[in-house]
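Dear colleague,

I am passing on a structure for you to look at, with notes on what was found in it below. Please read the notes alongside the coordinates.

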Amino acid sequence: DNEANIISGALQLTNKSVEDVMTKIEDVFMLDVNTVLDFEKMTEIMHQGYTRIPVYDGEKTNIISLLNTKDLALIDPDDKTPLSTVCKFYDHRPLFVDYDLRLDAMLQTFLQGNSHMAIVQKLHNTDDQDPYFETLGVITLEDVIEEILQSE
Ligand code: ATP
Ligand code: ATP
């Protein structure tokens with residue numbers, strides 16, 4: 001029944017990693033830090049419906065900030081404000097986690113911290129090249145809760 005499902009879902013958290021439930025990078029709605037917040041762009045952002053939007057510099061794997069759509073409340077589209085100005089003002093530093101992190105640990109981090117989204121990365125460290133982080137996707141508190149409720 002439902003209660004047994006929830007308990008079972010909660011117990012499963014230690015067996016699953018953030019990579020198992022994240023939203024893959026190619027499906028993430030992101031913004032280039034050089035975006036200009038004119039009427040058209042702000043309309044597009046609002047229509048997407050996401051509250052938290054990763055902001056990248058250059059390549060989509062280079063996430064430097066998070067935009068919270070409520071940060072747009074005081075922006076006048078006629079001012080054509082650069083997104084970089086908004087990012088500097090609110091300065092939401094993204095939380096980065098390893099793809100291997102277990103979901104119970106992810107849940108604790110979300111509940112302790114002040115961010116409900118994390119950027120999922122994988123460290124590549126081989127002898128023949130410099131170590132680098134690959135960005136795999138994003139995970140939010142909702143993704144973890146869905147695992148507990150097993151509502152997918
Ligand atoms: P909230 O409910 O707090 O307004 P939201 O609806 O924007 O937030 P969540 O509820 O946190 O988003 O997540 C719902 C699903 O959408 C999750 O699977 C999450 O990984 C995904 N998601 C969240 N933000 C984005 C984004 N910017 N682009 C693509 N998918 C996202
Ligand atoms: P998010 O971090 O998802 O963008 P948020 O920061 O507005 O959203 P939550 O993360 O849902 O809010 O909640 C964080 C904490 O702040 C919770 O303890 C919640 O009860 C509290 N909180 C949220 N909104 C308010 C509010 N309007 N006034 C006072 N406390 C609030």
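**The ligand shell and the fold**

By class, the shell around ligand 1 has 5 nonpolar, 3 polar and 4 charged residues, where Ala, Val, Leu, Ile, Met, Phe, Trp, Tyr, Cys and Pro count as nonpolar, Asp, Glu, Lys and Arg as charged, and the others, Gly among them, as polar. The residues that surround ligand 1 are Thr23, Asp27, Val28, Phe29, Tyr50, Thr51, Arg52, Ile53, Val138, Thr140, Glu142 and Asp143, a residue being near a molecule if its C-beta atom, placed from the backbone, lies within 6 Å of it. Two or more residues of this shell come from each of β4 (52-56), β9 (132-140) and α6 (141-149).

This is a predicted model, in which local features need pLDDT of at least 70 and side-chain atom pairs count only at pLDDT 80 or more, while totals for chains, interfaces and linings use all residues. Residues are numbered from 1 along each chain as its sequence is written, and chains are lettered from A and ligands numbered from 1 in the order in which they are written. The mean pLDDT of the protein (the predictor's confidence in each residue, from 0 to 100) is 94, with 99% of its residues at 70 or more, and the model scores ipTM 0.82 and pTM 0.86.

The protein has 6 helices and 9 strands, taken as DSSP runs (H or I of at least four residues for helices, E of at least two for strands) and numbered from the N terminus. Of these strands, 4 form an open sheet of mixed pairing in the order β1-β9-β8-β7, where two strands pair if DSSP finds at least two bridges between them. Its edge strands, each pairing on one side only, are β1 (23-24) and β7 (95-98).

Within the sheet, β8 (residues 117-124) and β9 pair in the antiparallel sense over 8 bridges, and Lys122 has Glu134 in β9 as its bridge partner. The pairing of β7 with β8 is parallel, over 4 bridges, and there Asp98 has Gln121 in β8 as its bridge partner.

Buried residues (those with 20 or more other C-beta atoms within 10 Å of their own, all placed from the backbone) make up 21% of the 152 residues in the protein. Helix α3 (residues 39-48) lies largely in the open, because the number buried among its 10 residues is 0. After α3 comes Gly49, whose phi is positive, near 85°.

Best regards

Key
A residue is buried if 20 or more other C-beta atoms lie within 10 Å of its own, exposed if 12 or fewer, and partly exposed in between; C-beta atoms are placed from the backbone.
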